[in-house]
Amino acid sequence: MANFVEFSGAAALNQNLSGKMADALRQGIAERGQATLIVSGGRTPLELFRHLSRQELDWSRVTITLADERWVTRDHGSSNEKMVRNSLLQGEVAKATFIALKNAATTAAEGEAQTEEALAALFLPADVTLLGMGDDGHIASLFPGSANLPQAMDLQSTRRCVAITPITAPLERMTLTLPVILDSRRIYLLLAGEAKREVYERAEKGTDQNDMPVRAVLNQQQTPVEVYWTA
């Protein structure tokens, strides 16, 4: 089960978590000559990324990718890549290698093979995987009820990405598969607000991963998980 860490405010959380993430990346560089960071989009990690971008380490040895991406142009307001480039890939962090999930294909389904090829360069296990969680218990773009959810959640699969069309959210997506998400030395689940805490507590009490895919991360023993929460 995950370790739940509560903070009195976002500033303290972001300072603490950015330091832990940077330490993990430094350790990866020291031990293996490189480090891998998987991050999520949305509004919640925005300030965390700004804190992380000020951490001193050899960013040229870090590879960064997204846990998921909406199938929109890279200048679109809903693009996770745009948010990460504007908040994290600044200054020294711009020296990191970034692997985009979005490509020029018209649909995510048509772009799967090209994204899979790009992700072949991703060195696993990741040193840090940062996840968020939706109000329906989804992580990355593993949405409950999606047609391709079983393929994306299949722990025996060797695929690194799957195209997903949520039934509860707009826009086609590309998501990392559950095996890739779990192939990490540490996972941080970042949550903010009482509503997300209630969703998390509900997820903790059940076992149906198809109903709330976050349970696939919370109920596994492969990778240490820490939940960082602030009101």
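**View 1. Glycine 42 sits in the loop between strand 2 (35-39) and helix 2.** Helices (H or I, at least four residues) and strands (E, at least two) are DSSP runs, numbered from the N terminus. This is a predicted model, in which local features need pLDDT of at least 70, side-chain atom pairs count only at pLDDT 80 or more, and totals for chains, interfaces and linings use all residues. Residues are numbered from 1 along each chain as its sequence is written, and side-chain values use heavy atoms, with hydrogens and water left out. Glycine 42 is partly exposed, because its relative accessibility is 32%; buried means under 20% relative accessible area, exposed over 50%, and partly exposed in between (1.4 Å probe, protein chains only). Setting aside neighbours within four places in sequence, glycine 42 is in contact (heavy atoms within 4.5 Å) with Asn80 and Met83.

**View 2. Here we meet arginine 50, a residue of helix 2 (residues 46-52).** Its side chain makes a polar contact of 2.6 Å with the side chain of glutamate 47. A polar contact is a pair of N or O atoms within 3.5 Å; within protein, one must be able to donate a hydrogen and the other to accept it, and residues adjacent in sequence count only if both atoms are side-chain atoms. Arginine 50 and serine 87 are 37 residues apart along the chain, yet their C-alpha atoms are separated by 5.5 Å. With a relative accessible area of 34%, arginine 50 is partly exposed.

**View 3. Now look for arginine 173, in strand 8 (residues 173-176).** Arginine 173 is buried but has no salt bridge, that is, no side-chain nitrogen of Lys or Arg within 4 Å of a carboxyl oxygen of Asp or Glu. The nearest side chain of opposite charge belongs to aspartate 68, 4.3 Å away; Lys and Arg count as positive and Asp and Glu as negative, while His and the chain ends are not counted. The arginine 173 side chain does reach two backbone oxygens: that of proline 170 at 2.9 Å and that of leucine 171 at 3.1 Å.

**View 4. Leucine 37, Val62 and Ile64 have the most contacts inside the largest nonpolar core, which has 77 residues.** Such a core is a set of buried Ala, Val, Leu, Ile, Met, Phe, Trp, Tyr and Cys residues joined through side-chain atoms within 4.5 Å. Helix 1 (residues 10-32) supplies the largest share of this core, seven residues. Beyond residues up to four places away in sequence, leucine 37 touches several residues, including Met21, Leu25 and Val128.
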